[in-house]
Amino acid sequence: AYNVGVFYNTGKGVRQDKAEAFRWFEKAAEKGHVLGQYVCGKALAFGTGTEKDYIKAEFWLKKAADQGDEESAKLLRSIKGAVEEAKEAKEFDIPPYDEEELFDYSEELYREGKIRESFLCCKKAAHMDCKRAGYELGRKFYSGDGTEKDLEQAAFWFLWSAKRNNISALIELSEMIIKGEAKIYDSFIRTLEKGAKEDIPSACYYLGLMYYYGKGVRKDYIKAYFYVEKSKLRGYMNKNIESYLEKARAEYERVNGEDYMRHFYKMLSEMYKKEPGEKAYSKAMEY
């Protein structure tokens, strides 16, 4: 039964069919086959060939782990939090709302002081692709509101939201990266670059900071100065703008020497010449 599942799973000799593969793996698991139990648990944990079900996944992984399977024990540890949440959600009857209604319901629960229930509803709404819920879920993971604090999950959901044009999420993740609380995501740098190209002030500002600190890009004080100043010209309000402008200029001079400041201003001039609008033209002429 397990081997038949392998054939269907890989498509070797038969048409590939993940659902049929799972059915055969489950047959093997029910007969006590350790690999069948592991594969069943893994499929249920990731929703491969069957619906995702952490509670059932835990059942089969425990069976395999009890037979000494290390991979099952490892996976079991990694999904422990998800299993606990699934059990709690099962006890707490989440209404069959659509994603927007579910998010509104999570907000209502929060106002009533039902913090854990609010988190569970928000999480489900986010997984249903609710944009508002995705950002709020990031905030909950960041602060530990209704769940354990998890910076990795917070960064994931802020990135998810930033890619969907949530400016607040873009700012939150930028701050996390600068503080060293989140790893650098290449796709996030591309999101910042796209936003800066579209003249989104906050995207310009934080792209400048990425260049200043060398986060995800090579450290470049000219580009740092340019993008931070561009955010200012586009009306971005931040108390640290002038400080970063001065620090970027001073750092360039410190690294390259006073004689290189002519190059610094020449490069800024060239960059502004490529920008549309009278403000950019005036800056190009000024530099």
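Ala89 touches Ile94 and Leu120 when residues up to four places away in sequence are not counted, where a contact means heavy atoms within 4.5 Å. This is a predicted model, in which local features need pLDDT of at least 70, side-chain atom pairs count only at pLDDT 80 or more, and totals for chains, interfaces and linings use all residues. Residues are numbered from 1 along each chain as its sequence is written, and side-chain values use heavy atoms, with hydrogens and water left out.

Ala89 has its place in helix 6, which covers residues 80–91; helices here are DSSP runs of H or I with at least four residues, numbered from the N terminus. The C-alpha atom of Ala89 is separated by 39 Å from that of Ile200, which lies 111 residues apart from Ala89 along the chain.

The table sets out three residues by helix and by accessibility, where buried means under 20% relative accessible area, exposed over 50%, and partly exposed in between, with a 1.4 Å probe and protein chains only.

| Residue | Helix | Relative accessible area | Class |
|---|---|---|---|
| Ala89 | helix 6 (residues 80–91) | 23% | partly exposed |
| Thr191 | helix 12 (residues 186–197) | 16% | buried |
| Lys283 | helix 17 (residues 278–286) | 15% | buried |

Lys283 touches Glu229, Leu233 and Tyr272, again leaving out residues up to four places away in sequence. With Glu229, the side chain of Lys283 also forms a polar contact of 3.2 Å, a term for a pair of N or O atoms within 3.5 Å, of which, within protein, one must be able to donate a hydrogen and the other to accept it, while residues adjacent in sequence count only if both atoms are side-chain atoms.

Two packed helices are described by the angle between their axes and the distance between the axes. Helix 10 (residues 151–162) and helix 11 (residues 167–179) pack at an angle of about 140°, and their axes are 8 Å apart; the axes are lines fitted to C-alpha atoms over the stretch in contact, and angles run from 0 to 180 degrees between N-to-C directions. Helix 10 and helix 11 are therefore oblique to each other, since angles under 35 degrees count as roughly parallel, over 145 as roughly antiparallel, 65 to 115 as roughly perpendicular, and the rest as oblique. The contact is made by residues including Leu151, Phe158 and Leu159 of helix 10 and Leu170, Leu173 and Met176 of helix 11.

Thr191, leaving aside its neighbours within four places in sequence, is in contact with Ala162, Lys163 and Leu170, and both Ala162 of helix 10 and Leu170 of helix 11 take part in the contact between those helices.

Terms used
Helix = DSSP H or I, 4+ residues; strand = E, 2+ residues; numbered from the N terminus.
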